[in-house]
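Please examine the sequence and the three-dimensional structure shown here before reading on. The explanation is meant to be followed with the structure open beside the text.

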Amino acid sequence: MKGELHRTRRAVIGVAVAALAIGTAAACGSDSDTSAGAGTADSAVLGPPNAATGDVVTIGFISEGKSAAVDASAELTAAQAAVAYINEHLGGLRGHRVQLKTCETKSNPAAATDCANQMIGAGAVAVVEGALGNVDQTIDVLAPAGVPLVLNYATSQKSLSSPNVLTLMNGVSAIFGTPAALAKEKNATKSALVTIDVPAATGAANQMGKLAFGNAGSALEVVTIPPGTPDVTSQITAANRNDPGLWTVLGSTNFCGGVLKAIKTVDRGATIVVNDRCVDTTISSSIPGGFDGVQVGTTANLDPATDDMKLFRAAIDKYQPGLRIEFNAAGGWQPIVGLARALNATPGQEITRQTVAEGLRSAPAQPYPLTNGIQFQCNGQAFPLSPNVCSSDIIVATADKGGVLRDYRVLHTDASLFTPPSR
């Protein structure tokens, strides 16, 4: 029985996390800004000066950067602000001053491999990544060298199963846990998941989606849309005959726009859940009623009223003035500040690849930046499908008509949603 459960777990991971890679480039390229009404930053929230005085250590940061198809350059800028904040207000890493070695992959697998080799050459004691489509290429280089790799969230099978890889936020939960948990809250006994008809997405929906929804008590119908379909009304109309109590959509912004238009046309008042990469202010006018009321699973809370956002804005204003606050910028700040919080919560002053890895694995639970309360702990117990994932809770927000997110809340995900059945 144990062997069967292990094989089921590996199979589910293998197909499910491929879906995350589908949306990575779309998420990086989104121009949506959900942080309206920010106000003036208060530098006092940075806290008293606490400068690092120890020897310099190198932390790497690998990003997609900016290319013809993707612009994640805000990740790099926010990562620099995070390091400056850590060095001046958190005492560095265990007292050591941090210097940041950055590298851009520009969505090129060979460049990702080169970036990882550059990090080894620079003597990086750890490497951090935000949302990287070619994460596997970096793992292939860094894992054998014993370099800890800290990810904002997981995007591949290797990231969930390789040694010395830690994913601080739970991307799998954000995609499938959010709608499944909301279906459970709503007592929806039937749900529909709409996805583009490509193997990675449909496989993930049929395995991970049906696993999570089934554990939530909701029978899931997977609705597949062939790529390039100009009008999806017929597929949505057919699915609506099954009277789903909740709809969820897996895909990029352009795909989501057409699907949401059809859902809101055939099922007025429907409960709809999407991921943040689906929401873009530029397409809201093409959807009946816009995004109003759509529930959004996300890995960052950009509500300007939270203490996390006040800290983030103050750091950006001080160290990188002019940077626009959006999800890419959050992806540069979150994992670096999270790494510092965890490592500084463990005893010792030595900073090596080994002590960083050991420190992160043994650190007590810490608040993850820009989540307004989600705790992360990398002891291998947070997520039943992978010991590399350090959190289970997720964030859900409500979009307004124009696609601006509001009413963020932490959704405490029951780990049983992702527990494969024992047979």
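The paragraphs below begin with the chain as a whole and then turn to its parts.

The structure is a predicted model. The protein chain contains 13 helices and 14 strands. Of its 423 residues, 57% count as buried. The protein chain exposes about 15,700 Å², and carbon and sulfur atoms supply 49% of that area. Among the contacts in the protein chain with a separation of 6 or more, 71% are accounted for by residues 24 or more positions apart.

A convenient place to enter the fold is strand 1, which spans residues 54-63. Strand 1 is mostly covered, with seven of its 10 residues buried. Which strands pair with strand 1? Strand 2 does so in the parallel sense, over eight bridges, and V57 stands opposite V98 of strand 2. Strand 3 also pairs with strand 1 in the parallel sense, here over four bridges. In this second pairing, I59 stands opposite A126 of strand 3. In a regular strand, side chains alternate between the two faces of the sheet.

Two of the residues just named, I59 and V98, reappear in the lining of an internal space, the second largest cavity. By the rule applied here, the structure has five cavities of 30 Å³ or more. The second largest cavity has a volume of about 60 Å³. Its lining consists of I59, V83, I86, L93, V98, L100, V128, I336, L339 and A340. Which elements supply at least two residues each to this lining? They are helix 3 (73-89), strand 2 (96-104) and helix 12. The largest share, three residues, comes from helix 12. By class, the lining of the second largest cavity has 10 nonpolar residues, no polar residues and no charged residues.

Helix 12 (327-344) also takes part in covering helix 13. In helix 13, which comprises residues 353-362, the buried residues are T355, V356, A357, G359 and L360. An α-helix has 3.6 residues a turn, so residues three or four places apart point the same way. What covers the buried residues of helix 13? Besides helix 12, the cover includes strand 3 (126-129), strand 4 (149-153) and strand 5 (165-169). Strand 3 is thus a partner of strand 1 and also part of the cover over helix 13.

The next feature is an open one. The largest pocket holds about 240 Å³ of space. It is lined by 18 residues, of which P230, D231, V232, G258 and V259 lie nearest its centre. Helix 10, residues 253-266, provides the largest share of this lining, seven residues. By class, the lining of the largest pocket has nine nonpolar, seven polar and two charged residues. For the second largest cavity, by comparison, the lining has no polar and no charged residues.

The final stop is a single residue, T189, in the loop between helix 7 (171-186) and strand 6 (190-196). Is T189 buried or exposed? T189 counts as exposed because its relative accessibility is 54%, and the cut-off for exposed is over 50%. Leaving aside neighbours within four places in sequence, T189 is in contact with G217, S218 and A219. T189 and P244 are 55 residues apart in sequence, and their C-alpha atoms are 7.9 Å apart in space.

How values were computed: Residues are numbered from 1 along each chain as its sequence is written. This is a predicted model: local features need pLDDT of at least 70, side-chain atom pairs count only at pLDDT 80 or more; totals for chains, interfaces and linings use all residues. Side-chain values use heavy atoms; hydrogens and water are left out. Buried means under 20% relative accessible area, exposed over 50%, partly exposed in between (1.4 Å probe, protein chains only). Contact means heavy atoms within 4.5 Å. On a 1 Å grid over the protein atoms alone, a cavity is a set of points where a 1.4 Å probe fits but cannot get out, and a pocket is an open set with protein on both sides within 12 Å along at least five of seven lines; lining residues have an atom within 4 Å of a point. Grid points are joined across faces, edges and corners, and a volume is the space filled by probe spheres set on the points. Ala, Val, Leu, Ile, Met, Phe, Trp, Tyr, Cys and Pro count as nonpolar, Asp, Glu, Lys and Arg as charged, and the others, Gly among them, as polar. Accessible areas come from the Shrake-Rupley method with a 1.4 Å probe; for residues, only the protein chains shown count as cover. Two strands pair if DSSP finds at least two bridges between them.
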